[in-house]
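Q: I'm new to this structure and would like a close look at one part of it. Could you walk me through a spot in a loop, and then through what lies around the helices?

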Amino acid sequence: MSATQSMLMESVGIVAGMCTTFSFLPQALKALKTKDTKSLSLSMYSIFVSGVFLWIVYGLMIESFSVVAANVITFLLAGMVLFLKIRHG
């Protein structure tokens, strides 16, 4: 694979990661502001945060900056929502 192809692939990964990661920002901000998490599924967020953690591990294993970076941010945002869900039910 050429350096140009590799850069293109990583760029696509970064943009994809930004889209999926920042889709959690409105939910995280709303949950933080209102503390209202009644309509959110505890099991969904528990499983999701676990999966995102595994994506971080996978990204580290394959040494992919885009996978690691996007999932660390998603982990923090979704983890915060999960924490609020557990705390405020």
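A: Let's start with Thr37, which counts as buried because its relative accessibility is just 1%, below the 20% cut-off for that label. Keep in mind that this is a predicted model. Thr37 sits in the loop between α2 and α3 (42–62). Leaving aside residues up to four places away in sequence, Thr37 touches Ala31, Leu84, Lys85, His88 and Gly89.

Now on to α4, which spans 65–88, and its partner α1. When two helices pack, people describe the pair by the angle between their axes and the distance between those axes. For α1 and α4, the axes come within 8 Å and cross at roughly 10°. An angle under 35 degrees counts as roughly parallel, so that's the label for α1 and α4. On the α1 side, the residues that meet α4 are Glu10, Gly13, Ile14, Gly17 and Thr21. Across from them, α4 brings Phe65, Ser66, Ala70, Ile73, Thr74 and Leu77.

Some of those names turn up again on the surface. Ile14, Phe65 and Ile73 are among the residues of a nonpolar patch, along with Met18, Phe22, Leu25 and Leu29. Together, the patch residues have about 630 Å² of accessible area. Three helices give two or more residues each: α1 (3–22), α2 (25–34) and α4 (65–88). The biggest giver is α1, with three residues.

Take Met18 as one example from the patch. Met18 is found in helix α1, and it counts as partly exposed because its relative accessibility is 45%, between the 20% and 50% cut-offs.

Terms used
Residues are numbered from 1 along each chain as its sequence is written. This is a predicted model: local features need pLDDT of at least 70, side-chain atom pairs count only at pLDDT 80 or more; totals for chains, interfaces and linings use all residues. Side-chain values use heavy atoms; hydrogens and water are left out. Patches are made of residues with over 30% relative accessible area and no salt bridge: like charges are joined within 9 Å, nonpolar side chains (Val, Leu, Ile, Met, Phe, Trp, Tyr) within 5 Å. Accessible areas come from the Shrake-Rupley method with a 1.4 Å probe; for residues, only the protein chains shown count as cover. A salt bridge is a side-chain nitrogen of Lys or Arg within 4 Å of a carboxyl oxygen of Asp or Glu. Helices (H or I, at least four residues) and strands (E, at least two) are DSSP runs, numbered from the N terminus. Buried means under 20% relative accessible area, exposed over 50%, partly exposed in between (1.4 Å probe, protein chains only). Contact means heavy atoms within 4.5 Å. Axes are lines fitted to C-alpha atoms, for helices over the stretch in contact, and angles run from 0 to 180 degrees between N-to-C directions. Angles under 35 degrees count as roughly parallel, over 145 as roughly antiparallel, 65 to 115 as roughly perpendicular and the rest as oblique.
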